[in-house]
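Open the model in your viewer and show side chains as sticks. The stops below can be selected in the order given.

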Amino acid sequence: MSERTLAAPDETRSLGRELAAQLRAGDVVVLVGPMGAGKTTLTRGLAEALGVQGRVQSPSFVIVHTHPAADGGLALAHVDAQRLGDHAEFEALELEDALAAGVVVVEWGEGHVEGLGTRTLTVRIEPDWASDVRRVSWEWAG
């Protein structure tokens, strides 16, 4: 497991760019942390490094935002699983095509992504609201 303390949103984006260099088609990234922790900010860094098309926004209201690949790179599907009731609702999203084309990033994904993808990168963001820093840890499985 790797760990880092981040003091600014730019550092969170930078970590996303760094982690993106390790991603390949079929990978799932699970983002764990409370509301406002920086999950979407980290996804913006991933997207920047992957060079996907479109502006990365929180998928809270639409559940899934897809970002096509640019210039033969990896596509990105950005999922918010917070409002999904159970694993069956997650499976109904049918993310297999998104995985074949690139990477699936799932906010609030614990308990939903098991068995999805070839490898899983779990990123935990734990904010210290008093000091406005985030302790971020990440670990690969698969």
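Start by selecting Arg134. In this predicted model, Arg134 is buried, with a relative accessible area of 13%. Now add Asp132, whose side chain meets that of Arg134 in a salt bridge at 3.2 Å, N to O. Asp132 is partly exposed, with a relative accessible area of 46%.

Another group to pick out is Glu3, Glu126 and Arg135, which salt bridges with shared partners join into one network. Within this group, Arg135 and Glu126 form a salt bridge, and their closest N and O atoms are 2.5 Å apart. Arg135 is partly exposed at 35% relative accessible area, and Glu126 is partly exposed at 36%.

Next, show the backbone and select strands β6 (residues 119-128) and β7 (residues 133-141). These strands run antiparallel and are joined by 9 bridges. Together they form a hairpin with 4 residues between the strands. Asp132 is in the turn and has a positive phi of about 55 degrees. To check the register, select Arg124, which stands opposite Ser137 in β7.

Keep β6 and add strand β2 (residues 27-32). Here the pairing is parallel, over 6 bridges. Which residue in β6 does Asp27 stand opposite? Select Arg119: Asp27 stands opposite this residue.

Arg119 and Asp27 also form a salt bridge, with the closest N and O atoms 2.7 Å apart. Because Arg119 lies in strand β6 and Asp27 in strand β2, the pair ties together parts that are 92 residues apart in sequence. Are these two residues buried or exposed? Arg119 counts as buried at 14% relative accessibility, and Asp27 counts as buried at 0%. The cut-off for buried is under 20% relative accessible area. For the model as a whole, the count comes to 8 salt bridges.

Move on to Glu18, in helix α1 (residues 9-20). Glu18 is partly exposed, with a relative accessible area of 36%. Draw a distance from its C-alpha atom to that of Ala7: the two are separated by 16 Å and lie 11 residues apart along the chain.

For the last stop, switch on the surface and select Glu91, Glu94, Glu96 and Asp97, which form a negative surface patch. Glu94 sits in the loop between α3 (87-91) and α4 (96-101). Its relative accessible area is 61%, so Glu94 is exposed.

Note on methods. Residues numbered from 1 in each chain as written. Predicted model: local features only at pLDDT ≥ 70, side-chain atom pairs only at ≥ 80, totals over all residues. Heavy atoms only, no water. Patch = residues over 30% accessible without salt bridge, like charges linked within 9 Å, V, L, I, M, F, W, Y side chains within 5 Å. Areas by Shrake-Rupley, 256 points an atom, 1.4 Å probe, with all protein chains shown as cover. Salt bridge = Lys/Arg side-chain N within 4 Å of Asp/Glu carboxyl O. Lys, Arg positive; Asp, Glu negative; His and termini not counted. Charge placed at Lys NZ, Arg CZ, Asp CG, Glu CD. Helix = DSSP H or I, 4+ residues; strand = E, 2+ residues; numbered from the N terminus. Buried < 20%, exposed > 50% of the residue type's maximum accessible area, 1.4 Å probe, protein only. Pairing = 2+ DSSP bridges.
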